[in-house]
Amino acid sequence: MSDRLNILVTGASGLVGAETTSRLVRAGHHVYGLVHNVGEIVANNGRRVSSAPWTAASARESGVVRLLRGDVTRPRFGLDSETWSSLSASLDRIVHCAAITDFGRPPEIYQQINVTGTVHALELAQENATPFVHVSTAYVCGNRDGVIAENELDVGQRFGNAYEESKMRAELIVRKAAADGLPATVVRPSVVTGTVRSGRVREFKNIYIVLKLLSKGLVSAIPGHFDACVDLVPVDHVAAVLTAATEDFDRARDLTLHAVGAPVRMRDVSDTFAEYPSFHVPRYLDPNTFTPDCLSRVEKKYYERVVSLYDNYFLRRQRFDSAIADRFVRRPSTAGSSYLRRLIDYALKAGYLGSTLPVADRALTPLKVGER
Amino acid sequence: MPTMPSIFFIDGRRVEIRTRTIRQVTEHLKAVAAFVGSTPRRIVRLDEHLLNRCQRFLRGHIVRNSQVIHGIRKHLALGDFATVMTHWWGEHARQSARYAVCMLALGQAEVAAVWAKASLLQAAKSFAARAGETYLEPKWISLQLHRMDDDERVRRYWEVTDSSRHHGSSADHAMRCISLVHDLGVRGCENTPQKLLVDRTSDVTTWRIGDRVHLVRNKEDVFVLGQAAAVVWRHMVWQRPVATIRQAAVTAGVEQAGTIIAVLARYGLIQVTWQGTAITPVLPMASPGGTVTPRPAAVDPPLLDLRGATASSSDAIDLVAVPARRFGAAAMAMVWGNIMVENAIEDMRGALDRQQWRVAELTARRAVDGGLRALLSACGVNPLPPDAELVHRGDMVGPWAREILSAAEQLHRVGVSDPVQGKALLERVNYFVSLIRAVCGADSFPASFDSASNWQTTLDISYDWLRLGAYLDAAIPIEEARDLLSSGGAQPYIAPGASRGLATAGGTQ
């Protein structure tokens, strides 16, 4: 194991942040978690990570995460000068997980949290040239099809939504800081879902809501291509890549790592859904033919409020190269359809799929802001 | 060396001689010895014929060369063999009893009683093997137990299996058998239905076409479900208790849900597990286990219409008479044939409006050919003969379609040279189409180009079949259909922005 490091994880209570924090704590590092409103860290397996409030005089102890309440959208995270200085002086690494990842929010929200939040995190790193691990997204590639290399960023692509665009801007800022001398590395997860072995996930959000609406027939048709694919990455793999990049930073410095998993084709979705008797299998309509008007009134509501936020992912034909990331942690070898089946099985077991859908407004409640 | 015994008739007696080399017998014994100490789940995989050979060799009377025989027998001790047989029969008994518990939970008391009785016999064989009675054939169980008749459980065995003493129901009898199985030393198969969970079997998928539910098994067989069976199927959620599923379906109005679930399990469309472990009932020395395939459902022609096959009754789980890929391909060809009919009729109307008589004749023939494609496809014919031959292929559909083929033949010969003839031709084509529609699902196929909603229905049916076709890698006429589907059925002779046709209707493009 590497030496014990003092590590700040921003967005430490989010899905990726909590799992990464849990791993780093288990590895014996001294971990500080920046959280917005949440007072505890719950790992993906549902277990609480032992925590205590951060103080400047906190003893460096293993097995406990020290929590700071802060807001990445505010200068210096809204911390007082003493805390800021004390914190910056103590850090060996910063893992910047804080982000808003749900779709359909106003552009200014993405700007505040994903872009400005990154600027503020970089300011902390620049105080003492602290090595900086930035969590981006594989989908900074936007809508372009084909094989996406890890060293590609701004190639004039068009974006599917404001989230992708904001993560691209944030990544450009990180790269600028790196060019100015800050030791930095970028990790790009794709769509983060349940663990590779069991499909377990702490919370059912984002893509899971789409799966639920489609499987219940609440949206029976979407614009899509059978050969389009969405990359789903197990949360434990993302945490493993982040942990590896943090611990082995000298090797990861200046690199971009695709923390990606199994490409799941829309055909896989159709065929796998067909294995579940209670599921409806969505129709994929030619995008030139599809219009929400072809849906019933209720379906149209679900489509416009949720599914439409994702629908350009049903048309993309992207494959993410992970040759560089594989040198740190090998990409899961599970086939897309097998992994999707595992995710669905877990969601069924947990009662999320196959159960009655909450009333529309509850199902569509905007997700928590501020933490990945 | 022969594996069948040689039969001789000597002095009026039949004599069986089974020959094996020393190497063969040694390998048999070693193969079984390798399982000593294994779990019952592993031991039960041992082949019954292998065990039988070992039993015969170990327990046979030595006529000569006893030193050689004893030397070989050292490869598998009698005690170890008895332990293996105890577990082997015990595991079979456990599986049979679990299946009986499952059938009880589904209200299938008669079947439950059959399997509970089988389990009891297997448990008795296990019980006997524990006492060193390792003979495999069940027919000797009475003599084996007779040698242990001082045991109270043997007395109960005869009580429970004596058919003259059965006074209770089949369910009661099944439960008495299961109770005694436990007392004979076989655990893990008590009457605890809450341990029974439904689960998927590999390669069974559900495809709904319109309101009809089809199941595809192993990408080979298609089953069509009747209405009640479809309701039960829709209630299946993997890894939920079978009793919960049954109750939910009963609450949804299907009283006979238990029977339907039992059939689904029998056909291998679902499996019922014991807390996640597959239940695999087998009758050793009697019949193979595993799933069952019923005879194909007998239906009057045609075989399918635009919404797929038709079930013979509400409870039915009918096997369709054509294999899955051909089923999907024929259905797609039928959809496309109907679209072709609609397309041609629209072209024909346009040609008649413009007094383009030769164009009208050709489009009429195209409509007829599209109809014949649909007709043959509805009968399961796939691949189709070339269009030029279609009208002569009555032998492929049977005498019931004589009127349709006669109408088609006449339409192929009709000429048009004035408006009156044109109108007559259109009427005859429309009549022909009505005959085709009666075969292919009557009103289920819309006049695709009449309105946006009709076109949407066409698209929905087409995309339903496309999903199944993609899954089966079936031959689908998609290349031919794609342009039409994606253009929304816009007709080349209609000017952009005109009110007719779907290029401007309903916003579905």
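Is Glu133 of chain B buried or exposed? Let me start there, and then walk you through the rest. One thing up front: this is a predicted model, so everything I say today is about computed coordinates.

Okay, Glu133(B). In chain B, you'll find Glu133(B) in a loop, the one between helix H6, residues 109-130, and helix H7, residues 141-146. The answer is that Glu133(B) counts as buried, because 21 C-beta neighbours sit inside 10 Å, and the cut-off for buried is 20 or more. If you ignore the neighbours within four places in sequence, Glu133(B) is in contact with Ala128(B) and Gln144(B). And to give you a feel for distance in this chain: from Glu133(B) to Leu306(B) is 62 Å between C-alpha atoms, with the two 173 residues apart along the chain.

Now, the opposite case, at the start of chain B. Strand E1, residues 6-10, pairs with E2(B) in the antiparallel sense, and 5 bridges hold that pairing. In that pairing, Phe9(B) has Arg14(B) as its bridge partner in E2(B). The two strands make a hairpin with 2 residues between them, and Asp11(B), in the turn, has a positive phi of about 55 degrees. How many of the 5 residues of strand E2 of chain B, residues 13-17, are buried? The number is 0, so E2(B) lies largely in the open.

Let's zoom out on chain B. The assignment gives four pieces: domain 1 is 19-83, domain 2 is 92-195, domain 3 is 197-319 and domain 4 is 324-487. I want to look at domains 3 and 4. Their centres, over C-alpha atoms in chain B, are 34 Å apart. Where they touch, domain 3 of chain B puts in 17 residues and domain 4 of chain B puts in 25. On the domain 3 side, the elements giving two or more residues are strand E4, 204-209, and strand E6, 221-225, of chain B. E4(B) gives the most to that side, with 3 residues. If you sort that domain 3 side by class, you get 9 nonpolar, 3 polar and 5 charged residues.

Those two strands also turn up in a sheet. In chain B, 4 strands make an open sheet, in the order E4-E5-E6-E9, with antiparallel pairing. E4 and strand E9, residues 317-319, are the edge strands of chain B, each pairing on one side only. From one strand to the next, the twist averages 30 degrees. Take E6(B) and E9(B): they run antiparallel and are joined by 3 bridges. One spot to look at is Leu225(B), which stands opposite Ile317(B) in E9(B).

What lies across that sheet? Helix H10 of chain B, residues 227-234, lies across E4, strand E5 (212-217), E6 and E9, and runs at about 105 degrees to E6(B). The buried residues of H10(B) are Ala228(B), Ala229(B), Ala230(B), Val232(B) and Trp233(B). Their cover includes E4, E5, E6 and E9 of chain B, along with helix H11 (242-251) and helix H12 (257-266) of chain B.

Over to chain A. Here we have 12 helices and 17 strands. The radius of gyration of chain A is 20 Å, close to the 21 Å the globule rule gives for 372 residues, so chain A is as compact as a globular protein of that length. Along the principal axes, the C-alpha trace of chain A spans about 60 × 40 × 35 Å. Of the 372 residues in chain A, 52% are buried.

Chain A splits too: domain 1 is 6-193 + 232-261, and domain 2 is 207-231 + 264-317 + 333-363. The C-alpha centres of those two chain A domains lie 29 Å apart, and the contact takes 14 residues from domain 1 of chain A and 12 residues from domain 2 of chain A. On the domain 1 side, strand E11 (191-193) and strand E13 (229-234) of chain A are the elements giving two or more residues.

Last stop, the two chains together. In the contact, chain A has 22 residues and chain B has 24. On the chain A side, helix H8 (266-273), strand E16 (283-285) and helix H11 (336-349) of chain A each supply at least two residues. By class, that chain A side has 8 nonpolar, 6 polar and 8 charged residues.

How values were computed
Residues are numbered from 1 along each chain as its sequence is written. Chains are lettered from A and ligands numbered from 1 in the order in which they are written. This is a predicted model: local features need pLDDT of at least 70, side-chain atom pairs count only at pLDDT 80 or more; totals for chains, interfaces and linings use all residues. Domain bounds come from an automatic or database domain assignment. Two residues are in contact if their C-beta atoms, placed from the backbone, lie within 7 Å. Ala, Val, Leu, Ile, Met, Phe, Trp, Tyr, Cys and Pro count as nonpolar, Asp, Glu, Lys and Arg as charged, and the others, Gly among them, as polar. Two strands pair if DSSP finds at least two bridges between them. Axes are lines fitted to C-alpha atoms, for helices over the stretch in contact, and angles run from 0 to 180 degrees between N-to-C directions. The radius of gyration is taken over C-alpha atoms; the globule rule is 2.2 Å times the number of residues to the power 0.38. A residue is buried if 20 or more other C-beta atoms lie within 10 Å of its own, exposed if 12 or fewer, and partly exposed in between; C-beta atoms are placed from the backbone.
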